[in-house]
Amino acid sequence: MTDIKRRSPMVFPQEAKQVEKQGHWAVVMEYASEGEGPWIIDLSHRPRWDLQDSDLSRFKPFEIDIPGKPGQCRLENNVLANRMNRTQVSLWQLTGDRLETPEDTAFTSTMDVTVCLAILGQAVFSIAEKLSSLDFRDPALSTPRLFQGPFAHVPCQMVIAGQPDGMPGMLLTCSRGYARDMVAAILHAGHEFKLQPAGQLAFDKWVAGLA
Amino acid sequence: MALTLTCPVCGKRNGYEFRYGGEDKGPKPDDFGSSPETWCDYVHMNRCVAGIQKEWWCHRDGCGVWFTTHRDTLKNLEME
Amino acid sequence: MSRLQNQPTLRVDTNKPLSFTYKKKTFSGFKGDTVASALFSGGIRIFSRSLKYHRPRGLYSLDGECSNTGMEVNGIPNVNAEKTLLEKGMQVKAQNVKGSPELDAMGFMDSLDRAMPAGFYYRTMHKPARIWPIALQQVRKAAGLGKISPDFRMTGEFDEIFPTTDVCVIGGGPSGMTAAIAAAETGLRVILLEARPWLGGFFDYRQSEFSRDLPHYQRARELEARMQTLPNIRVFTHTAMVGAYSNNLVTAFQIGNEKDPFDERYLEIRAQSMIVATGCIERPLLFENNERPGVMQIACAHRLANTYGILPGKRAVFSVAHDLGIEAALDLFDAGIEIAAVADIRDNPSHAALVSELEQREIPYLKGWVAREALGAPLKSVSLTTLQGTFEKKLECDLLVASAGMTPVTGPLSMAQAELAFDQHTGFFLPKSLPVGVYAAGRLLGLNDSRAIEASGQVAGLSAALNCGKASAQALKDAQEMLAGRPQAERGCNLVMAPVKGRKAFICFDEDTTVKNIKQAIDMGFDATELIKRFTAAGTGPGQSGIPGHNLPLLVAQHHTDHGALTRPTTMRAPLVPTLMATYAGTNHLMSKRTPMHERQKQDGGVMRKIGVWNRARYFSDDFSCRREIENIRNNVGMLDATTLGKFRIFGPDALKALQRVYVGDMAKISPGKIKYSAMCNEDGCIIDDGVVVQRGENDYYFTTSTARAGITVEWIRYHTRYDGWDFNLVNLTDAFGVINLAGPKAREVLSEVIDADISNAAFPFAAYQEFTALDTIPVRIMRLGFVGELSYELHVPGSWMETLWDALSEAGKPFGIANFGLETQNVLRMEKGHLIIGSESEQRTTLHDVGLGGLWDRNKPAVDTVGAVALQQTENQEKRLKLVGFKMKNTRTPPKDGSIVVDDRIRGHVCIARYSHTLQEAVGMALVEDPLHAVGTEISIYEDECQGQLVSATVVPMPFYDPKGERLRS
Amino acid sequence: MFDRHKPLWGKPPALKQSYDAVIIGGGLHGLATAYFLARHQGMQNIAVIEKKYIGFGGAGRNTAIVRANQRTQQNVPLYKEALDLWPVLTKELDYNLMFFNCGNLNLLHSEAAMSAARMNIASAQFQGVESHLIDAKTCKEMMPALNIAEDITYPIFGAMFHPPGGIVRHDAVVWGLAKGAAKYGCHIHQHTEVTGINVENGKIVSVDTDQGKINTPRVLLTAGGYSAALSYHMLGIKLPISVLNIQAMVTQPLKPLLNHVISSGAYHAYANQTLKGEIATGAHMDAWPNYTTQTTAYYIRHQAQAITEMLPCLKGVKFMRHWSGLADMTPDMAPIMDGNHPIEGYYMNCGWGYFGFKSCTATGKYMAQFMATDECPEILKPFHLGRYAEHRLMGETAALVTYSPDN
């Protein structure tokens, strides 16, 4: 009998301390030595959707009011809704039990389209500054905030969240095929700040702190 | 130079995030299919304006939108 | 060698000696030394030999304006020793010498200058023609300064950052720091760049008074301390600004210190406002032998003593035109140097008090005198003359401090498109108009008064802040008034050259260009400064015009040929400071895509190739003919990882209209469960893509494109509907699905092991599309296609499941001999089947008709509504086009190499692909040949590279070669 | 021999009221045409009108590479003749153009690229131009600095080696041709701007300049990157041209390191070592119209990355100067040479993109013949403007071009 597994395109060599089976995913909840951050966390197993329609006002996905302007984000019911443009919003379920894809055809599951990861910690801006020219620290913008643009030369969606003085973070998605090189670039950039992989527990804790 | 362009969705960005889509020639003219010359005029011929022209751009590395903007080709700067 | 210990401005730590090697000897310097200051302190006076004449060259300035101190350090050529901090263990070598810099066997070149006038090489060496090939090799050997080994490998960390800021200040001197503080106090983000390892600019080494009891260097420390209290200022020291681009993009590179995780890092700064506060360097004084070792500029001598604690000579003569020269003379006298005289081109110093200070020390002050010639090598004496050349006197010395005054460092302004114009009063090229968001401050405006310099920084800082929407207009006005209350720009020295002929007066040290050379160029009709620069090479060396930048236009203007010379200083180009390619290259992360099967394909022996953004397996053995892989597909079954295909969802009310626009077929004729094969053309009617479309719901389609088009398809469809305002949605699913091409006569048996459904030929025939659940769990979309000409299934499975499904198929296929196949196998199989790959069997100019796919075009659709259809109409019956044909070789089993050409009396086409087909037992191929050679039965002659005229013959035959009735893929 | 320095192209002449031909553009193509008209076609009452100074445009901004390994049989003979002309002109002009035929190595980074190159090579050999396909190991032997390891973005599979190509001192060509043209009577008017071209009854009658009107029956528009804008602005004739900014740069001078020109399509980069010892490198273009000659930060970085992957030792070498020029690109990357159509007496020679330097001498020769005889020489016929409307792109590029919105 074949062992039916879903696999993330990212693999960290570090030793896992706690692994949890979530559906067909084996999710690392914690690594043996995670340090104090900054952290890089694989979220590829978290459900994600693209919602596209010429009239988004008729939607309230997962009970969320879709933010009105491109770039604005809203985190409610564990789901982050990121307004991309007039007709499009990306929806990322960050924590909690997996939600099903809504019936309406305007939704497309993007879980396998992209790789999803988080970079958490004070150093996130210093790391980002080495890989992208986007102004993630623009004081005129409130968080959470969506950026669509290049990161390590690859087009990405990035959401900046958290308090700049506390533990700011960046959630990033890009084409799944780039996963390995993207992670390598981020780890290289984060080396001087002691960036290390962490598990989902650290991420859940951070999300809890966002509310 | 460092060209910047203003994406109607994402705002002002580095010009290298965009892809150029040609002079804005408007929709295909009525006589587009009538002769090789009218076809060629629309498809291949350019005015090559040395100055301000209206042109198409796509925010390729960002939100993907196609939009028009005015740019001064003598300065390689988008008009405010 | 001992250093002056009691200089409060010292930047070397004499408690930390560092040893290094030069000329196979061990030298010693201190932490804080540059390589040049350490060598100078160790007694070295000649650092290099010049390019053309092999003249000895020494320390002249300390800011890298010329290649005099260009040396090889740790294998890296052309390192500017006067700017490079000394590190322990450095291996330093002299450049462009045969022997040593002191005894250079090529030194005789200096006496041959009459044989080498400006541009001499253009007028010689080609007569007779046969000498040129020999001469040019000599030219090559003589040219070039440094040497690098082809095996050299750079070590160290090279990093980069791309920060955004509100205000970027170039220059950490008094005006730059004041500007940064002023802007930061309004709350803005400020970045300040300083080229030297420390802040302070020309205040840093000066012990003279800024105000009562406050020496200049102390004032600089105060400003620095103030900056440190402002967290919104980021200071980058040892950071050379190298480029300014429009919209205030500033580039620079920083040299790391021992605490930094990088050796050098590239900075690309996006700023709203930019302030240039780069101060001044000195305008070289033109006289005979003006670049002799022992001749140096004011700040060079002054800083050697005050910053590095080194006495630049024993007995000095000064020939200057600026108060800073007198100040330096006083300091050097106090430090222990005998000053034979201070000659001043001016009638009077700006500050009369300086003269009395000279008098107090009994230093002769010669008003209206200038150096005429440096004598002796090493320097033994100097002859001075009055400006008209009427009187002359000779003074013995081992140091000549020579300078024609100041020259502003305008490179950053000029690169930022500021308009500069000559100003008679200061003798400077001053900014006449500045682009939006660009400001200038400090000495480069001609200011000399220390407080005026700071006040101008205040004005610039507030102006820059105002441009960012901060700072009050009133505050700016106050600052402007304060500046107005200080002494304005001073009158500058306007002497271009001492009264000499200029045979050995060097306007450009790097290129050995003399004043006489410039005159020769002018005589030859080179009437524009830029042309003279090109003809004489002046200013094109490693010093980036630092030496000739100001003097050249002045000299040209003096000769009245280019009346515009003074309105146009020569163009400044990036990098303003020579920059290592390693630094520009930075980390250079290589970003490419991998499929979920990447590692597995490699483990299975896949030879990977980069195909566009992806990595794919081309072969699975050393046999590049892939015979076993091929036979396995024809006889058994195999799997190809085809994940890289473009995959898209299009849906919404106008989805069909959009498909109709870009596909040449009639997409309304798609029926559920069926695959529609079609092609996209560009407006030329040339084929750019082919793929399949299926309908999955109402107004909801799933379609594939070639790998090459995957990245551009959404853009393409949106572009070609941009005027329509249609309502449709697109999602790029390329990475979402892994694609497994399961092909071969036993494919069905393998597939049935993982799919619990009726997949018989009747239930799931050729060209059908169906969605299944594999292994009772995995959702999979399956298309029955036949690119390789056998029964085959294209399985589209979500990326995260792919490996599992692949494993299951491998396992299930074992009894059937399942094996991997790669791109080359696919290439041969599809050729046998007569299927084309766009880009292989088509060129940019190849239409749909040309490749024989005209039948895909639906002529009933309105042509203007379909991209490319008008061109398809107009080219349908055109003659003499290159048409795609199949051919078989005559009398040989050896196929011609891909890319061979089809010829008769001229070239008639080319072979796109040709292989020996193991299946067909003969050599076949596809070629693009000119109509009418494309007719079946035509014999064509093929010319291969290196064939020495031996043509091979082939016959045009119908395609496909293999299974022409398509029975196998329908089976 | 050097004591007297005479003006190379004579004293600045006064603008005459009429010339037999007026050439707009004092670049290489204009000067070459003028030279061949005056010296070889006997038409000596001619003028070259240049808005800036001669060689201001592409002539002085290219990286001086010459070669004749083009793709199609229409192009190869023209470039071959141009290559053969360098030594001839050096002698004729008595000016050393410093032709260094070091050979060109066009690097190939995939099996497909090797096949594509083989077509160029077979075409070259068939037409008597030397060119060979060589493998990576041979490349490395010929150029020890080359990196043939596999861990780079585009590993090197081999190269198209074209021995007769090389480099020529581009400024010397400008000055030499100006010298030659002036010697045979051509007037070179620098700092003179053409403001209009006048047509009566379908024929060219005169040219307006900011220095006065010139009556003439013949005009050649060969203003490089400015041709298309001038053509539309002054005559209403649109051309299938995109004017792009192309950049190049040099390193500090080094003792001999590279013995051949190298280029790579995949990396968008080429490099050669000038006789002065600088490594000159270039090739990238921003894919949008741009009449500035400003450089970009993006590009110098790209170039450093590309070059140091191929030639890693150059990491230890410094860039010194970065500049740019204009490239007037056509949809098929081949030039437009036409005459008497649609206006009698109106000739055009443009759309050279970044190939204008290599071809200038041969083009000048045949355009001169065209203008002097009113008969289009066979070699130029394939380059007529009408080919675009006729759906007959020339095939100089196999792949889609990036600067066209249509692709």
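Which loop of chain C is the place of Asp512(C)? The first close-up gives the answer, and the other views move on through the chains; everything here comes from a predicted model.

**View 1. Asp512(C) sits in a loop with a positive phi.** The loop in question runs between β30 (506-508) and β31 (513-514) of chain C. Asp512(C) isn't a glycine, yet its phi is positive, at about 55°. Most residues other than glycine have a negative phi. Asp512(C) counts as buried because 24 other C-beta atoms lie within 10 Å, and the cut-off for buried is 20 or more.

**View 2. His153(A) is another non-glycine residue with a positive phi.** Here phi is about 70°. Look for His153(A) in the loop between β10 (145-151) and β11 of chain A. Buried or partly exposed: which is His153(A)? With 17 C-beta neighbours inside 10 Å, His153(A) comes out as partly exposed.

**View 3. Helix α2 of chain A keeps its buried residues on the same side.** The helix covers residues 179-190, 12 residues in all. From first C-alpha to last, α2(A) reaches 16 Å, close to the 16 Å expected at 1.5 Å a residue. Its buried residues are Ala179(A), Met182(A), Val183(A), Ala185(A), Ile186(A), Ala189(A) and Gly190(A). Why do they end up on the same side of α2(A)? They cover an arc of only 160° around the axis. The background is simple: an α-helix has 3.6 residues a turn, so residues three or four places apart point the same way. As for what covers these buried residues, the list includes β3 (39-42), β9 (114-120), α1 (124-131), β11 (154-161) and β12 (169-175) of chain A.

**View 4. Strand β43 of chain C pairs with β42(C) and with β44(C).** β43(C) takes in residues 778-785, and 6 of its 8 residues are buried, so the strand is largely enclosed by the rest of the structure. With β42(C) (residues 769-774), β43(C) runs antiparallel and shares 6 bridges. With β44(C) (residues 792-798), β43(C) also runs antiparallel, this time through 5 bridges. Met783(C) is a handy place to start: Tyr769(C) stands opposite Met783(C), and the bridge partner of Met783(C) in β44(C) is Glu794(C).

**View 5. The two hairpins around β43(C) each hold a residue with positive phi.** The hairpin of β42(C) and β43(C) has 3 residues between the strands, and Leu775(C) there takes a positive phi near 50°. In the hairpin of β43(C) and β44(C), 6 residues lie between the strands, and Gly789(C) has a positive phi near 90°.

**View 6. Chains C and D share the most contacts among the 5 pairs of chains that touch.** Chain C brings 83 residues to this contact and chain D brings 75 residues. By class, the chain C side has 38 nonpolar, 24 polar and 21 charged residues. Strands pair across the boundary too: β32 (residues 579-580) of chain C and β17 (residues 318-329) of chain D run antiparallel, joined by 2 bridges. One spot to find is Thr579(C), whose bridge partner in β17(D) is Phe319(D).

**View 7. Chain A touches chain C, but no contact joins chain A and chain D.** The contact draws on 40 residues from chain C and 31 residues from chain A. On the chain C side, β8 (158-161), β16 (264-276), β36 (646-651), β40 (729-732) and α21 (799-813) each supply at least two residues. α21(C) gives the most, with 8 residues. That side divides into 16 nonpolar, 11 polar and 13 charged residues. As for chains A and D, their closest C-alpha atoms lie 12 Å apart.

**View 8. Chain D is divided into two domains.** Domain 1 takes residues 21-62 + 171-240 + 332-387, and domain 2 takes 104-163 + 242-329. Their centres, taken over C-alpha atoms, are separated by 30 Å. In the contact, 14 residues of domain 1 of chain D meet 10 residues of domain 2 of chain D. The domain 1 side has 5 nonpolar, 8 polar and 1 charged residues.

**View 9. Cis peptide bonds lead into Pro960(C) and Pro342(D).** Met959(C) and Pro960(C) are joined by a cis bond with omega about -5°, and Pro960(C) is in the loop between β51 (952-957) and α24 (967-970) of chain C. In chain D, the bond from His341(D) to Pro342(D) is cis, with omega near 5°. Pro342(D) lies in the loop between β18 (336-339) and β19 (346-350) of chain D.

Note on methods. Residues are numbered from 1 along each chain as its sequence is written. Chains are lettered from A and ligands numbered from 1 in the order in which they are written. This is a predicted model: local features need pLDDT of at least 70, side-chain atom pairs count only at pLDDT 80 or more; totals for chains, interfaces and linings use all residues. Two residues are in contact if their C-beta atoms, placed from the backbone, lie within 7 Å. Helices (H or I, at least four residues) and strands (E, at least two) are DSSP runs, numbered from the N terminus. Ala, Val, Leu, Ile, Met, Phe, Trp, Tyr, Cys and Pro count as nonpolar, Asp, Glu, Lys and Arg as charged, and the others, Gly among them, as polar. Domain bounds come from an automatic or database domain assignment. The expected span of a helix is 1.5 Å times one less than its number of residues. A residue is buried if 20 or more other C-beta atoms lie within 10 Å of its own, exposed if 12 or fewer, and partly exposed in between; C-beta atoms are placed from the backbone. The arc is that of the directions from the helix axis to the C-beta atoms. Two strands pair if DSSP finds at least two bridges between them.
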